[in-house]
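Please look over the structure below, and then work through the questions that follow. Each of them is answered by a short piece of reasoning.

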Amino acid sequence: MADLDRVRKWADALIRLHLDASVWSFGFDNAKTRAGLCNFTDRHISVSKYLAARYEDDEIHQVLLHEIAHALAGPRAGHGALWKRTADELGYDGKRTHDGSAANELAPWVGACPGGHAHHRFRKPLKPLSCGVCGRGFSRVNLIVWTKRNVS
Ligand SMILES: [Zn+2]
Ligand SMILES: [Zn+2]
């Protein structure tokens with residue numbers, strides 16, 4: 001797991017290297033549903049302290065590169081060709097998306113349907129749920145079975 005002081009040092013170094021350090025800054029935030037954020041209005045890059053603490057060094061470095069690429073490519077680029085090219089040049093491997101999917105890693109309830117699709121919830125669902133990938137609407141045939149795991 002990554003050490004937050006070290007993450008901050010990398011972030012500051014990356015900002016100095018690639019961006020204008022007099023306008024861009026870095027900080028940690030409390031997000032649980034995504035790993036990193038690039039705020040173009042405040043020129044601020046932030047990383048979830050929860051996810052930073054969970055991720056391996058390599059992984060959090062990739063999150064930083066993902067966000068630095070956003071800062072360089074600009075708000076209109078989205079995850080389009082310009083952003084991809086910029087991220088590539090920075091050394092972002094793009095093996096996984098760092099927007100949103102991170103939430104699943106922190107969700108303690110993991111469900112599986114008979115078809116093997118994975119589902120994630122932060123709270124145990126109060127009523128039976130069936131898999132929306134296997135079929136529309138509720139069906140006992142596609143019932144999701146939930147198990148709780150320990151998420152540190
Ligand atoms: Zn992104
Ligand atoms: Zn399914």
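Q: Along strand 2 of this predicted model, which side chains point to the face whose residues are buried?
A: In this predicted model, the side chains of strand 2 alternate between two faces. Leu37 and Asn39 point to one face and are not buried, whereas the residues pointing to the other face are buried. In a regular strand the side chains alternate between the two faces of the sheet. The buried pair is Gly36 and Cys38.

Q: Which residue of strand 3 stands opposite leucine 37?
A: Strand 2 (36–39) and strand 3 (44–48) run antiparallel and are joined by four bridges. Within this pairing asparagine 39 stands opposite histidine 44, while the partner of leucine 37 is serine 46.

Q: Which residue in the hairpin of strand 2 and strand 3 takes a positive phi, and near what value?
A: The hairpin has four residues between its strands, and the residue in question belongs to the loop between strand 2 and strand 3. With a relative accessible area of 39%, this residue is partly exposed, because the partly exposed class runs between 20% and 50%. It has the positive phi although it is not a glycine. The residue is arginine 43, with a phi near 50 degrees.

Q: How many of the five residues of strand 3 are buried?
A: Strand 3 pairs with strand 2 through four antiparallel bridges, and five bridges join strand 3 to strand 1 in a parallel arrangement. In the pairing with strand 1, phenylalanine 26 stands opposite isoleucine 45. Strand 3 is mostly covered, and the number of its buried residues is four.

Q: Where in the protein chain is confidence lowest, and at what mean?
A: Over the protein chain the mean pLDDT is 87, and 91% of the residues reach 70 or more. Confidence is highest in strand 1 (residues 25–29), at 96. Where pLDDT is low, the predicted coordinates should not be read in detail. The lowest confidence is found in helix 5 (residues 102–106), at a mean of 62.

Q: How far apart do the C-alpha centres of domain 1 and domain 2 lie?
A: The protein chain, which has five helices and six strands, is divided into domain 1 (4–102) and domain 2 (107–148). Taken along the principal axes, its C-alpha atoms fill a box of roughly 55 × 35 × 25 Å. The C-alpha centres of the two domains are separated by 32 Å.

Q: What is the strand order of the open sheet of three strands with antiparallel pairing?
A: The edge strands of this sheet are strand 5 and strand 6 (145–148), each of which pairs on one side only. From one strand to the next, the twist averages 30 degrees. Strand 4 is joined to strand 5 by four bridges, and within that pairing alanine 112 stands opposite alanine 118. The order of the sheet is 5-4-6.

Q: Is glycine 115 buried or exposed?
A: Glycine 115 is placed in the loop between strand 4 (109–112) and strand 5 (118–121). Its C-alpha atom is 9.7 Å from that of leucine 143, although the two residues are 28 apart in sequence. The relative accessibility of glycine 115 is 52%, and the exposed class begins over 50%, so this residue counts as exposed.

Q: What geometry does the site of the zinc ion (ligand 2) have?
A: The protein donors are Cys113 (SG), His117 (ND1), Cys131 (SG) and Cys134 (SG), which lie 2.0 to 2.3 Å from the zinc ion. Along the chain these donors follow the spacing C-x3-H-x13-C-x2-C. Ideal angles for four tetrahedral donors are 109.5 degrees. The angles among the four donor atoms here are 105 to 113 degrees, and the site is tetrahedral.

Q: Why does cysteine 113 count as buried, and what is its relative accessible area?
A: Cysteine 113 is one of the donors of the zinc ion (ligand 2), as is His117. Histidine 117 has a relative accessible area of 29% and is therefore partly exposed, since that value falls between 20% and 50%. Cysteine 113 counts as buried because its value is under 20%, with a relative accessible area of 6%.

Notes: Residues numbered from 1 in each chain as written. Chains lettered and ligands numbered in written order. Predicted model: local features only at pLDDT ≥ 70, side-chain atom pairs only at ≥ 80, totals over all residues. Heavy atoms only, no water. pLDDT = per-residue confidence, 0-100. Donors = N, O, S within 2.8 Å, 3.2 Å for Na, K, Ca; no water. Tetrahedral: all angles 85-135°; square planar, octahedral: opposite > 155°, others 65-115°. Buried < 20%, exposed > 50% of the residue type's maximum accessible area, 1.4 Å probe, protein only. Pairing = 2+ DSSP bridges. Axes fitted to C-alpha atoms, helices over the stretch in contact; angles between N-to-C directions. Domains from an automatic or database assignment.
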